Amino acid sequence: MADTLKDLPQIEAVLRARPMRSVIARYTHMETADAVRAQIGSLRAGLLEGAEIDLPDFNADGFAASIEARIVAARAPRLRRVINATGVLIHTNLGRAPLAPQARAALHAAAAAPSNLELDLATGKRGSRHDHTEGLICALTGAQAAVVVNNCAAAVLLGLTATASGRSVIASRGELIEIGGSYRLPDVITQSGARLHEVGTTNKTRLADYEAAIDENTAVLLKSHTSNFRITGFTAAPARKDLARLAVRHDVILMEDLGSGVLIDLSPYGLPDEPVVRDILEAGVDLVMFSGDKLLGGPQAGIIAGRRDIIARLKAHPLMRALRIDKLSLAALEATLRLYRAPHDPAVDVPVLAMLAEPAEAVQLRANALAEALVEAGLDDVEVVACEAQVGAGALPSRPLESFAVSLRLAGRRAEALTAALRRNDPPIVARIVRERVLLDLRTLNAPETKAVAAALIGISQA
Ligand SMILES: *Cc1c(COP(=O)(O)O)cnc(C)c1O
């Protein structure tokens with residue numbers, strides 16, 4: 001006869017069983033009791049659903065072992081390394097840019113020991129954490145001054161709060177962006193205490209629209225990068241240098257929320273549309289904000305570069321402390337910025353840019369090698385396909401990157417089942433599905449990761 005709800009024991013009785021004592025000794029009474037409660041709870045749920053369940057012997061070693069396994073699983077780290085086979089280079093859900101070895105070393109050093117984070121070693125007096133990156137950012141962008149905060153959202157919030165609180169911000173209707181994860185520019189403007197004054201239309205905004213909107217209450221003309229969408233066709237937006245002249249004439253600040261901050265010209269890699277920070281500042285933009293972990297290829301950070309007098313106001317603003325960058329990110333950012341200077345070559349030394357710069361033929365050769373390894377191991381429905389990788393994180397939406405992927409199916413298994421099995425791998429592998437086939441894009445896989453993907457797929461196919 002099948003077991004029933006009446007046969008489920010009391011938690012306390014189970015905890016008194018002899019084999020459970022050593023589990024309690026290793027993991028505390030509370031954690032063990034929680035695990036027993038959860039285990040019995042799932043048995044109860046099964047019985048309530050009418051499942052035929054043979055209850056285990058709650059006093060036996062086997063049940064104690066299952067409780068221990070549950071505790072070990074609950075204690076396992078939640079934030080784990082994964083392998084990105086999606087072809088999206090800067091994947092916000094996967095932590096964005098991987099760091100260069102130099103940046104990882106700097107981060108590690110800053111974590112392991114005290115540092116001169118806010119100490120001027122020459123004078124022995126209090127220093128500023130901004131000093132470590134300001135000179136580098138100015139040298140790389142031509143800015144007069146720079147300051148770094150927690151992320152680009154913080155940079156925009158600080159920039160607007162310090163310059164436009166209680167006043168108005170003029171922005172084009174074609175640029176009132178939403179970025180994933182609840183960043184909506186109109187809401188950020190409101191949060192800064194400024195009032196948004198929208199001008200123009202979705203597709204066309206002219207210089208005259210900005211000019212007509214300027215009054216004595218205007219503090220800022222805000223431009224923003226339409227990172228994750230593109231309006232094409234019958235469109236118009238004034239050139240930055242015309243907006244800059246207008247801003248000077250009316251003594252207001254021209255600010256740009258750039259999102260993905262590119263420090264070098266990416267046109268040699270087939271990406272000619274992305275504005276370079278130096279050019280934006282040269283056009284006369286007073287203040288530009290961009291992320292550290294998008295195309296810059298560094299840690300999460302928000303960089304603000306531009307006019308010295310405005311940056312000085314930001315540094316002195318009370319929000320600065322709440323939004324400041326932490327020392328680990330600062331260390332990684334400084335090291336990443338150094339990779340933009342000789343003798344380094346950012347297209348080689350910054351991993352995100354190296355992925356971007358790899359010729360498609362080289363990606364194809366690596367895809368061929370992975371496919372061959374899989375076929376040799378007995379997988380039979382494997383092919384190499386041309387595909388489109390993406391920069392991601394809202395950068396360059398209309399510019400897919402030529403790439404190659406291994407496309408496969410396992411007999412008798414749905415594509416979803418295979419991607420789920422890949423996510424259960426250690427480390428988990430994240431892939432995409434296209435027309436019922438699983439695609440592993442080689443553009444985002446380095447050599448050791450490709451090896452791990454091959455081993456995982458062979459393991460899954462033989463399971
Ligand atoms: C990504 C992005 C942001 C937000 O940057 P975070 O560093 O994630 O805070 C803001 N503005 C634009 C235009 C972006 O593309």
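Two exercises with worked solutions follow, one on a helix and one on a sheet.

The model is predicted, so local features need pLDDT of at least 70 and side-chain atom pairs count only at pLDDT 80 or more, while totals for chains, interfaces and linings use all residues. Residues are numbered from 1 along each chain as its sequence is written, and side-chain values use heavy atoms, with hydrogens and water left out.

**Exercise 1.** Determine which residues of helix α4 are buried and how they lie around the axis.

*Solution.* Begin with the element: α4 covers residues 61–75 (helices are DSSP runs of H or I with at least four residues, strands runs of E with at least two, numbered from the N terminus). Next, apply the burial criterion (buried is under 20% relative accessible area, exposed over 50%, partly exposed in between, with a 1.4 Å probe and protein chains only), which gives F63, A64, I67 and I71 as the buried residues of α4. They cover an arc of only 100° around the axis, which puts them on the same side of α4 (the arc is that of the directions from the helix axis to the C-beta atoms). Finally, the face turned away from this buried side carries the exposed residues D61 and A73.

**Exercise 2.** Establish the strand order of the open five-stranded sheet and identify its edges.

*Solution.* Pairing (at least two DSSP bridges between two strands) gives the order β2-β12-β13-β16-β15, with mixed pairing. The edges are β2 (88–90) and β15 (432–434), each with a single partner strand, so one side of each is left without a neighbour in the sheet. Within the sheet, β12 and β13 run antiparallel and are joined by nine bridges, and E383 has S407 in β13 as its bridge partner.
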